[in-house]
Amino acid sequence: MTDSSHEGVHHAWWKEAAVYQIYPASFKDSNGDGIGDIPGINSKLDYIKSLGVDIVWICPCYKSPKVDMGYDVSDYKDIDEQYGTMADIDKLIDGLHARGMKLVMDMVINHTSDQHEWFKSAVSSKDSPYRDYYIWKKPKISETGEKCPPNNWLSAFSGSVWEYDEKSGEYYFHLFAKEQPDLNWENPKVRQEVYDIIRFWLNKGVDGFRMDAINFISKEQSYPDAPISDPSSKYQNGAMYYASGPRLHEYLSEIGQILNQYNAFSVGEMAHVFDPNEIIKVVGFTRNELNMIFQFELTDIDMGPAGKFSPKAWTPTQFRNIANKWQVFMQENDGWNALFLENHDSGRSVSRFVKHRPEFRSVAAKMLATFIGLQSGTIFIYQGEELGLANMPKSWQISRYKDLETLNYYRQLLHDVASQDALDIAMGEFQKKARDHARLPFQWDSSPFAGFSTVQPWIDVNDDYREWNAALQVNDPLSVFNYWRSILDLRQTYKDVLVYGKFELVATTHEDVCAYERSFGSQVALVVASFSDSTVNWTVPLNFLKPGKWMLSNYADGSPLQPEMVLRPYEAFMYLLSN
Ligand code: NOJ
């Protein structure tokens, strides 16, 4: 790990980087089969470079039956033919490197596909050398003598985490779909196999990994029943027994050692963990586990107690307070944040975190970019976020949704003969948070199928592609795209203050305004973002009323700082004080 200390903050190349996330099936189709592919990505590297990012993270494109769109890997050392070939990946690595960018692959090692050779062998016989690569348990016998799952844990995609295998009379464990059996990390052979896969890709020239569901790899070995948190369900959230299990840090240190040898980038997905003390063990600078993690307290703000599709009201004040909590915590504890509002697992930020006001869509997208993009941390942009792409229209029926998370949830409601009210609530939540929204085809231009493909794509193109697409935005200085470019540019130009500088929330009495200060030595930047769709009065704290430079504004005519400001709907800006 290359580092040096700077005003108490460790320097590292990955802290200065901006990451662009690509969902291969939905980015660009090169061969006219309606599905995005790696040659498609290769044809768009100049576009990606022009945004000003440093790293590209691609979601899984390994061999897979794609029950969960590639997060069910059947061969970690091969590319799925739907996406291309190894030669295409080599071209991607070379193409990115030639342009001064890096490639981060998605590493899905909590589970495999049930079509992986290891699982096929494991399920074929109890004596298979691969049986212990997975987690098997005998049934629990109920009072009435029935065979039941070993415990009551709920899987991420509805139903039990246990699937019964008739042949052996045992259950196997799967936190996600039943076609995604969890690997048994307690088995040292499994760990060696996984480390070998990691080395394989690093040796190929990949620059690091996004580690899928990585905090789930160590489970409480007694697999106790989870407490009842949702009395209406047979299965309960067992995250407390697997989200930060007893051997997690031991395993992450082993991974960290390999990554360090290659100076590789790492970001781990860490859902269901909200205890900062657990998180800092993973991302503390001197811990050598992972560089940073995605924790979801901010983006889960609209998720109720019964899970992703249960509703929850929230306020911008809560939003800014959560952001503040993690900013302050990481800077006080030598950790590092991964900053994001979007990914492939949820709705679009302009359709979730601001009100639906089409006339303000562009300023609102820029406001969200300002809010997240100038905080302390490594910034992640999900494909299309740089254009302000939105969710599918509310008029689209359930038949146009494709994702198993959405459909399993819906089917479960139908199976439970849920009331019309419950179905309507679920539909309302799908419209905000379903994974399908982020997976709609990328909107390149206003030609048929948005320039994504020459044929009807695997999932419908959003209705708004003629007005919202890359071709319209790249040369428009006032576009969301060029606004994001400015943010990334500012982060590079004012690295001291915007990458390494201190974060401090500016006290605001207005509940819809989020204002924060970044400072480094005598340099101070003020960042303001209004989450209101109407005008709000905001009193500028006296210490900012100094001469300075207007660096960024989401309205063409950014008004200069003055003691009493009237912020326009979703107005956002950054002001650099010259001290
Ligand atoms: C998290 C990924 O982001 C999601 O898309 C996937 O379904 C699960 N992990 C299971 O791999």
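These questions and replies go through a predicted model, residue by residue.

Me: What makes D68 one of the residues around the ligand?
Reply: A heavy atom of a residue has to lie within 4 Å of the molecule. D68 is listed as meeting that. The full set is D68, Y71, H111, F157, F176, R210, D212, E269, H344, D345, R435 and R439.

Me: How do you know that H111 makes a polar contact with the ligand?
Reply: The cut-off for a pair of N or O atoms is 3.5 Å. A polar side-chain atom of H111 lies 2.9 Å from a ligand oxygen. That is within the limit, so the pair counts.

Me: Which distances put H344 and D345 in polar contact with the ligand?
Reply: For H344, a side-chain N or O atom is 2.8 Å from an oxygen atom of the ligand. For D345, the distance from a polar side-chain atom to a ligand oxygen is 2.4 Å. Both pairs are within 3.5 Å, so both count. The protein also covers the ligand: taken alone it exposes 290 Å², and 98% of that is buried.

Me: How does the shell around the ligand divide into nonpolar, polar and charged residues?
Reply: Three are nonpolar, two are polar and seven are charged. Asp, Glu, Lys and Arg count as charged.

Me: What makes a set of residues a nonpolar core?
Reply: The members must be buried nonpolar residues joined through side-chain atoms within 4.5 Å. The largest such core here has 171 residues. Within this core, I198 and W201 touch the most other members. Helix α9, residues 361-373, gives the largest share, eight residues. In general, nonpolar side chains tend to be buried together in soluble globular proteins.

Me: Which residues does W201 contact beyond its neighbours in sequence?
Reply: Leaving aside residues within four places, W201 is in contact with Y62, Y76, K77, I79, M86, I89, M105, M107, V206 and F209. A second, separate core has 16 residues, including L526, V528, M565 and F573.

Me: Why is N469 called buried?
Reply: Buried means under 20% relative accessible area. N469 has 0%, so it is buried. N469 is found in the loop between α11 (420-433) and α12 (470-474). Its side chain reaches the backbone oxygen of Y465 at 2.9 Å. Not counting residues up to four places away, N469 touches L387, Q443, W444, D445 and S446.

Me: Is N554 buried or exposed, and how do you know?
Reply: Its relative accessibility is 4%, under the 20% cut-off, so N554 counts as buried. N554 lies in the loop between β24 (548-553) and β25 (564-567).

Me: What makes the side chain of N554 a polar partner of Y570 and A572?
Reply: The side chain of N554 reaches the backbone oxygen of Y570 at 2.6 Å. A polar side-chain atom of N554 is also 2.8 Å from the backbone nitrogen of A572. Both distances are within 3.5 Å, so both are polar contacts. Among the residues that N554 touches are V363, K366, M367 and Y483.

Me: Why is S553 called buried at 17% relative accessibility?
Reply: The cut-off is under 20%, and 17% falls below it, so S553 counts as buried. S553 is found in strand β24. A polar atom of its side chain lies 3.0 Å from the backbone oxygen of Y555. S553 touches Y483, G558, A572 and F573, not counting residues up to four places away.

Me: What is notable about phi in K66 and A450?
Reply: Most residues other than glycine have a negative phi. Phi of K66 is near 60°, a positive value. A450, which is not a glycine, has a positive phi of about 60°. K66 lies in the loop between β5 (62-63) and β6 (75-79). A450 sits in the loop between α11 and α12. A450 has a relative accessible area of 0%, so it is buried.

Me: Why is I141 called exposed?
Reply: Exposed means over 50% relative accessible area. I141 has 56%, so it counts as exposed. I141 is in strand β9, residues 140-141. Leaving aside neighbours within four places, I141 is in contact with E146 and K147.

Conventions: Residues are numbered from 1 along each chain as its sequence is written. This is a predicted model: local features need pLDDT of at least 70, side-chain atom pairs count only at pLDDT 80 or more; totals for chains, interfaces and linings use all residues. Side-chain values use heavy atoms; hydrogens and water are left out. A polar contact is a pair of N or O atoms within 3.5 Å; within protein, one must be able to donate a hydrogen and the other to accept it, and residues adjacent in sequence count only if both atoms are side-chain atoms. Accessible areas come from the Shrake-Rupley method with a 1.4 Å probe; for residues, only the protein chains shown count as cover. Buried means under 20% relative accessible area, exposed over 50%, partly exposed in between (1.4 Å probe, protein chains only). Helices (H or I, at least four residues) and strands (E, at least two) are DSSP runs, numbered from the N terminus. Contact means heavy atoms within 4.5 Å.
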